[in-house]
Structures are given as structure tokens and as C-alpha cells.
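Reader: Hey, I'm new to this one. Can you walk me through it?

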Amino acid sequence: MFENVTSEVHEKRSSRNMGTALCLAAFIILLAVLSAVKVQQLGASGSERFDHVQRPALLPEDG
Amino acid sequence: MSDASLHIRSEDYEPSFGDFFALLKPRVMSLVVFTAFVGILAAPTSLHWVEAFAALLFIAIGAGASGSLNMWWDADIDAVMRRTAKRPIPSGRVTGESALSIGIALSLLSVMMLGLTTNWLAAGLLAFTIFFYAVVYSMWLKRSTPQNIVIGGAAGAFPPMIGWVAVTGSISIDAVLMFAIIFLWTPPHFWALALFMRSDYDDANVPMLTVTHGRRSTRNHILVYTIIVAVFAVAAAFTSMGGPFYLAVALIANAVWLIGAVQIWRRDEEMSEADNFRAEKSFFKFSLLYLFLHFGAVLVEAVLPAGAWGGW
């Protein structure tokens, strides 16, 4: 059964849902940007060192 | 907290997004954002601006979460006090359960995200701040001791220190001084409020100093705390976060602050009632500006180049 709601209640629910959705979207965008910044800060060699063997091209040359 | 406070929402009221946002005490959050921002900028090292923004956001969310937990616990006394009767729970717009859920969820989110964004010392300090405000102050001290404001003031004093630690990863004398200024500023600020809002605290049976030790004693306490905070506020000028500009601002602001405290100390109830607590009200209003001036001056010192007015 559909609930019979007044327009005021409908508007409030709609504003609440929209506010929550916007907060979630902003949080996801922030996480994405923050992750990009963190990876950038590690640098090229840093981003590979946790689970990869460094490519020879990234190693400092001897002598 | 009374059981009734948990179930007073009227059944036909549909809470809006703004009603839930009001649980986070936006005005207190704005002060937290400002002081934490100063802590972040005054630190000797720096964060990427995205990290700084995120740190500030999560500190603010943590402060909001503690505000929500405080509103859940204090709903019964908020309903009695005129100043707080329109808050979301006593006015019936939001249930106590909702406030508790939002408070816990945002506390966990803010602490975890601050730790991942910056460092776990800053996150630990934020967790301690939330615990201190919600449990130590709201649940324990507020209703049991007239020193509630003195010890509870620590919760509001942590944000600039958290901001500083988020950047540097350690606690230094500058961070401790920023903490001390807000910690020592809080009691005279609230005692001045209690002097001219007396019926509120009396009605709610909150053991404010005005109720337990009398109004003469409160006036004495305001003067003593004002002198102590002035010493710390001026001393901060000689640390790395201070400088000539901060010193000039601190000297002027503390002179005005001390004059206000002496005026309150010299007055009695008869004099205060005769002019409707004019000196107490102006001292309370200036106390907000006082904090803004000091932290604004630290901000200016952080932005100004060294050698001009910035730093020593």
C-alpha cells in the first residue's frame, strides 16, 4: 500500500534524501581526490614499492 | 537524562535535513573550524591543500558528532532551559535515538578518516575530544560539579591542537599554548553568561558556580581566570606562532578583557540589576571577539613574511 503523504511531508523527505545524496557524493569525490593526492605524494617509485618489484628504469644508476 | 526525552518527537512531524544538521551545533562547529584552521596554518610544516581541507572537514564532523551526542544526553535539561529549548530534540523535531545514531556514526567516520588522511596521533586526539565532551563533560561533570565548565572546557580547546598535530605529527609548546588559551578562556566566558542567564541554569538544576558558590564567588573566579588567561595569551607572542603583530593584538585585547573583568568584580547584584547586567553582557560579547582576535592574529603571523610583522 502506498502511504498517503501531504505535499509538505513529501517536500521534507525529498530535501532530506537530496541532502543525504549530496553529502555522499561529496564524500566519494573527496575520497577519490584524496587518494590521487596520496598516490602522487608517493612518487613514481613509491607507488610501486608495496606490491611490485621496481622496474630497472626506476632504480638509480651506479657510479 | 530522563526516559521521556528519548520519545518526545511528535508522530506527525517529518524532520528535514536541516533538523538533523542542527544536531551538529553548526555555530560551535564554525568556531572549531576556525581554530583548527589556525592550528593547521600556524604549524611549521604544511599539508597538501586537499589533505588540509579534508583534515579540517573531519575535525569539524567530529565536533558535530560530539554535539549530537551531547544533545541526546542533555535533552531533558535542554527542554527546561530557555536558551536551548528550541534545539531539535526538546522541540520534538528529531528523536533522541536518531541523535545518538548520528553521533556514533559520525564519530567513527571522522576519527577513522582523520587517521587515514593525516596521522593516528591527530585521530587519537579527536577521539579523545569526542569522548571527553560526550562522556566526561556531558554525562559526568555537567550535572555533578560546579567545576563542570573548567574541566569541560578542554573539549573545546583541543581543535587547534588537533590541527597542529595533523600537520606536524607531534605536540609542541605552541599547540599546548593554543589549547591553554581556549581552555582558560572558557570558564569566564560561561560564568559571565551564567550571571545574566541565571534562571536557566537554576531551573535545569545544573550546578553552575553561580548556584553552588554564589554570585560573589563567581565574580571573583572570573577575575582570577581572566588574569591567568591573559598571561598565557601574551606569552604565546614569544613562541614560533607569535610575533610583533600578535603581541600588539594580545596586549590590547587583554587590556580590554581585564578591564571588563575588574568591572564585573567590583559590581554587586544591586548594581548589575540596575542596568540589566550591562557589564556582564558586554564582557560576554567581547569574550567571543577576544578569541577571534587572538587566533586571527596567529593566522596573520602565519601568512605574513618573517621580518616584516610576521614572526620574530
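Author: Sure, one term to start with: buried means under 20% relative accessible area, exposed over 50%, and partly exposed in between (1.4 Å probe, protein chains only). This is a predicted model, where local features need pLDDT of at least 70 and side-chain atom pairs count only at pLDDT 80 or more, while totals for chains, interfaces and linings use all residues. Residues are numbered from 1 along each chain as its sequence is written, chains are lettered from A in the order in which they are written, and side-chain values use heavy atoms, without hydrogens and water.

Reader: OK, so is B:I228 buried, exposed or partly exposed?

Author: B:I228 is partly exposed, because its relative accessible area is 34%.

Reader: And which helix is B:I228 in?

Author: B:I228 sits in helix 11 of chain B, residues 215-235. Helices here are DSSP runs (H or I, at least four residues), and strands are too (E, at least two), numbered from the N terminus.

Reader: Switching to chain A: how many helices and strands?

Author: Chain A has one helix and zero strands. Of its 63 residues, 14% count as buried.

Reader: What about the second largest pocket, which element gives the largest share of its lining?

Author: Helix 1 of chain A does, with seven residues. A pocket is an open set of points on a 1 Å grid over the protein atoms alone, where a 1.4 Å probe fits, with protein on both sides within 12 Å along at least five of seven lines; lining residues have an atom within 4 Å of a point.

Reader: Which residues lie nearest the centre of that second largest pocket?

Author: Of the 21 lining residues, those are A:C23, B:F17, B:L24, B:I61 and B:L106.
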